[in-house]
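Q: I'm new to this one, could you walk me through it?
A: Gladly, let's put it on the screen and start with the surface.

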Amino acid sequence: MNEKLQGMSNLKQRVIAAVVAVPFLIFCIVFSDWTFFGLFAIIAILAQLEFYKLLGLDGDEPLTYYGTFCGFVLVSVTFLIEKGIIPEANYYILSPLMALIFFIKLYKVQDEKPFKNIAYTFLGVIYVALPFALIIILAFLNSTNFSWQRPLGCLFLLWASDTGAYFAGTKFGKTKLFERVSPKKSWEGSVGGFLASMLVSFILSTYFTDLLTWQWFGCGAIIVVAGTYGDLVESLFKRSIKIKDSASTIPGHGGFLDRFDGLLLSIPFIITFLKLFP
């Protein structure tokens, strides 16, 4: 099956992956708050493992499994607090857990650059796990009542932006957006992504009532800008270790980091936007 997919064009692989994965993602998000949590907890774990694996390819030695465990605890504690099962004071659990990273590295006698690898371990939690914890907060925004509309809507906006940019860039792309980091990205593609995102923002404002119309358009604009930068940042990371994709887990898309890179940097801005302008 994998060999057949590899023989197809990138577009066909993307379409097949979307047809299989998107209904499953939507089901998990909509069915219940627990399936929503399980979905993003698993994605966070897989994405963080990918991140640490890539660092390992460049000769670095972050605490892969312990860092991923800290990320999982962050996502889990956030869910339980936002759901109202445990009090906010449980966030302090993360303080000693993160501090233990220094203790563990103290006993890694073969690590020639322990503080560099300590920093990379922290970075995995902040860059990968924290945004997924913020997605949990997005679903419970200012309430202990779960709502799937906001996280699913933001995913629709991200997919619309990516799809619009892909087709507009393929068809009209001439003016390079950031050639040093990502030679294929163009301003024309960005405009296509923006237009697609604005169209979906309008549709969401009609059917998804958890946010006001101007808030959906605001989220759409944030995802186009911050999501593009998120993609560029991950491209810069991959370029620094001379690889094309973070993994080959998702046909046509690469790995989980490749698929959710735009979300990693856009979600912090979206949460801040919605908290400041409720």
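Q: How much area does the protein chain expose?
A: The protein chain exposes about 14,400 Å², and carbon and sulfur atoms supply 68% of it; such areas come from the Shrake-Rupley method with a 1.4 Å probe, and for residues only the protein chains shown count as cover. This is a predicted model, in which local features need pLDDT of at least 70 and side-chain atom pairs count only at pLDDT 80 or more, while totals for chains, interfaces and linings use all residues. Residues are numbered from 1 along each chain as its sequence is written, and side-chain values use heavy atoms, with hydrogens and water left out.

Q: What share of the residues count as buried?
A: Of the 278 residues, 48% count as buried, where buried means under 20% relative accessible area, exposed over 50%, and partly exposed in between (1.4 Å probe, protein chains only).

Q: Ok, and Gln48, is that buried or exposed?
A: Gln48 counts as buried, at 1% relative accessibility.

Q: Which residues does Gln48 contact?
A: Setting aside neighbours within four places in sequence, Gln48 is in contact (heavy atoms within 4.5 Å) with residues including Gly67, Gly71, Val125 and Ala129.

Q: Switching topic, how many disulfides are there?
A: The count comes to zero disulfides, a disulfide being a pair of cysteine sulfur atoms within 2.5 Å.

Q: Why does Cys154 not form a bond?
A: Because the closest cysteine sulfur, in Cys219, is 4.8 Å from the sulfur of Cys154, too far for a bond. Cys154 is buried, with a relative accessible area of 2%.
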